[in-house]
Structures are given as structure tokens and as C-alpha cells.
Amino acid sequence: MQAKFRAKLESGQFRWLNEQLYTKSSEDAVKLFADTPKLFDVYHKGFELQVEKWPLNPVNVIIKRLKKLPEKSSIGDFGCGNALIARTLSPKWIVHSFDLAETNEFVTVANSASVPLQDQVLDVAVFCLSLMGIDFHRFIEEARRVLKPNGLLIVAEVKSRFGNEAGSSEESMLGGIKEFKRSLGNIGFKLEQEDTSNTMFVMFQFRKIELTDKKQSNQQSAVLKACIYKRR
Ligand code: SAH
């Protein structure tokens with residue numbers, strides 16, 4: 001009985017935290033975990049329970065893809081969670097893992113909007129379910145700063161985040177995806193691959209390209225809905 005009650009409480013806390021992370025700025029998220037570090041464990045436990053239920057975890061799809069890169073390629077994992085990418089690929093590949101709290105020695109604590117890397121050092125930047133915070137367009141701009149010319153940006157996001165308020169019809173989702181791709185195009189990322197075949201998430205691969213002046217003056221931020229996980 002007590003275990004059941006605790007599980008319910010933790011599930012409620014997870015959903016509350018999830019909502020905070022999706023509806024506030026990244027600075028607020030930094031502050032939240034800095035003030036109460038214990039919350040990070042609650043978040044991650046809840047997150048892992050959610051993803052476990054999915055037929056496929058996108059981070060494993062990404063790892064498979066990264067393994068095809070030349071050894072010693074430099075990879076940035078923004079919002080790395082438990083840093084599975086680094087734990088799987090290091091030291092054959094060079095992985096920099098960033099998140100708001102440190103769950104193991106692979107993680108560097110940093111806001112994705114401002115990571116401790118020099119300009120143009122990464123071959124690949126990864127965001128796996130981690131475009132959280134209302135200012136996530138700053139994360140993508142930061143990834144662009146640290147990517148080498150022609151570097152790759154891999155994004156996996158929950159499908160429902162691309163739907164409109166009316167629901168999650170295929171049509172509204174595709175509209176949301178189109179907007180997302182357009183706004184990344186405006187900040188200098190060219191879409192190379194897109195996979196919408198999975199039931200839970202969408203996966204994109206973009207390439208960093210030079211920005212023409214015209215596009216630069218036409219910048220617009222991407223919009224994504226908060227991802228609401230159902231009650232368990
Ligand atoms: N990429 C991991 C974890 C996804 S959960 C995986 O696929 O398993 C989303 C992660 O993004 C969480 O760990 C959360 O703490 C992190 N995150 C959210 N906002 C962030 C920010 N501003 N900077 C760094 N990490 C952030």
C-alpha cells in the first residue's frame with residue numbers, strides 16, 4: 001500500500017516537473033535543480049519509466065547512427081540525461097555530455113543555451129527528447145555555434161509536440177513539423193533526413209550550412225508544444 005502511494009506521489013511530481021521544464025525558460029530550469037537537486041532524480045526516474053514503455057527508445061536509434069561516424073568524431077549530447085551515448089561510445093568517439101545535473105562522471109553540468117565548448121569543435125550535435133524550455137531555439141543556436149561547418153544536428157522529439165491545440169491528427173502534426181523545419185532552415189540548418197515512421201517520436205538530421213544575409217534577417221524561432229505525459 002505504501003509503495004503504491006509512493007509511486008503515485010512520484011508520478012505526480014514527475015508530471016509537475018515535466019510541465020515546469022517545458023513551460024519555463026532554461027534559466028528557471030537551471031535554478032529549479034540548483035535549489036533542489038533531489039528533484040533531478042525524481043525527474044529521471046519518471047522519464048525512464050515513460051520511455052521504457054515505448055517500443056523503441058530514440059537514444060538507441062541515435063547511438064546506432066553515431067557508430068557509423070569515423071572514430072574520434074566529436075559529438076555533443078545536449079540534455080544527455082544519464083549520458084547513455086557517452087557511456088556507450090566513449091572513448092572510441094569523443095562525446096561531450098551536457099545536462100542540468102550530474103548523474104554520473106560523463107555529465108558536464110551546463111545549460112544547453114550556453115555550453116563550455118569553443119566555436120566550431122563538434123562534428124555532431126544531438127538533442128534526444130531534450131528541446132525543453134520555452135527558449136529552446138537558443139539551444140539550437142548554441143549547437144550551431146559549436147558545430148564545425150557542415151556539422152550534423154540530430155534531433156529526436158516526441159510526436160505530440162508537433163500537433164496543434166485541436167489534437168494530434170496526422171495533418172496537424174505534419175503542419176507542426178513543417179514549421180519546425182522552416183524555422184531551423186532560417187537559422188542555417190538544411191534538412192537531410194526525416195523519419196516519422198515511429199509511433200512515439202520523430203527524428204531529423206540537419207546539416208549546418210552557411211547563412212545568406214537574406215535568411216539571417218528573416219529569423220524566426222521554432223515553436224513546439226509542451227509534451228504532457230499521461231497519468232500512470
Ligand atoms: N537525452 C536523454 C534524456 C532526455 S530527458 C535521453 O534521451 O535519454 C530530457 C533531458 O533534457 C533531461 O535530462 C533534462 O534535464 C534536460 N534538459 C532540459 N532542459 C535543459 C537545459 N536547458 N540544459 C541542459 N539540459 C536540459
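A pocket is here an open set of grid points, on a 1 Å grid over the protein atoms alone, with protein on both sides within 12 Å along at least five of seven lines. A molecule sits in such a pocket if more than half of its atoms lie within 2 Å of its grid points. In this predicted model, the ligand sits in the largest pocket.

The shell around the ligand was examined next. It holds 17 residues. Of these, His44, Gly79, Asp99, Asn111 and Ser112 come nearest to the ligand. By residue class, the shell divides into nine nonpolar, seven polar and one charged. Helix H3, which spans residues 38-52, supplies the largest share of the shell. Its contribution is three residues.

Backbone atoms of three residues approach nitrogen atoms of the ligand. A polar backbone atom of Gly79 is 2.8 Å from a ligand nitrogen. For Ser112, a backbone N or O atom also lies 2.8 Å from a nitrogen atom of the ligand. For Cys128, the distance from a backbone N or O atom to a ligand nitrogen is 2.9 Å. Taken alone, the ligand exposes 570 Å². The protein buries 97% of that area. Gly79 and Ser112 are thus named twice, among the residues that come nearest and among the backbone contacts.

Salt bridges were then considered. The structure holds twelve of them. One joins the side chains of Lys45 and Glu10, with an N to O distance of 3.1 Å. This pair links distant parts of the chain. Lys45 belongs to helix H3, whereas Glu10 belongs to helix H1, residues 2-23. The two residues are 35 residues apart. Helix H3 therefore appears in two settings, as a source of shell residues and as the helix that carries Lys45.Two backbone features complete the description. Most residues other than glycine have a negative phi, and most peptide bonds are trans. Ala83 has a positive phi of about 60°, although it is not a glycine. Ala83 is found in the loop between strand S1 (74-78) and helix H5. The peptide bond from Ser90 to Pro91 is cis, with omega near 0°. Pro91 lies in the loop between helix H5 (84-89) and strand S2 (94-99).

How values were computed
Residues numbered from 1 in each chain as written. Predicted model: local features only at pLDDT ≥ 70, side-chain atom pairs only at ≥ 80, totals over all residues. Heavy atoms only, no water. Near = heavy atom within 4 Å. Polar contact = N/O pair within 3.5 Å; in protein donor to acceptor, adjacent residues only side chain to side chain. Areas by Shrake-Rupley, 256 points an atom, 1.4 Å probe, with all protein chains shown as cover. 1 Å grid on protein atoms, 1.4 Å probe; cavity = no way out; pocket = protein on both sides within 12 Å on 5 of 7 lines; lining within 4 Å. Helix = DSSP H or I, 4+ residues; strand = E, 2+ residues; numbered from the N terminus. Nonpolar A, V, L, I, M, F, W, Y, C, P; charged D, E, K, R; others polar. Salt bridge = Lys/Arg side-chain N within 4 Å of Asp/Glu carboxyl O.
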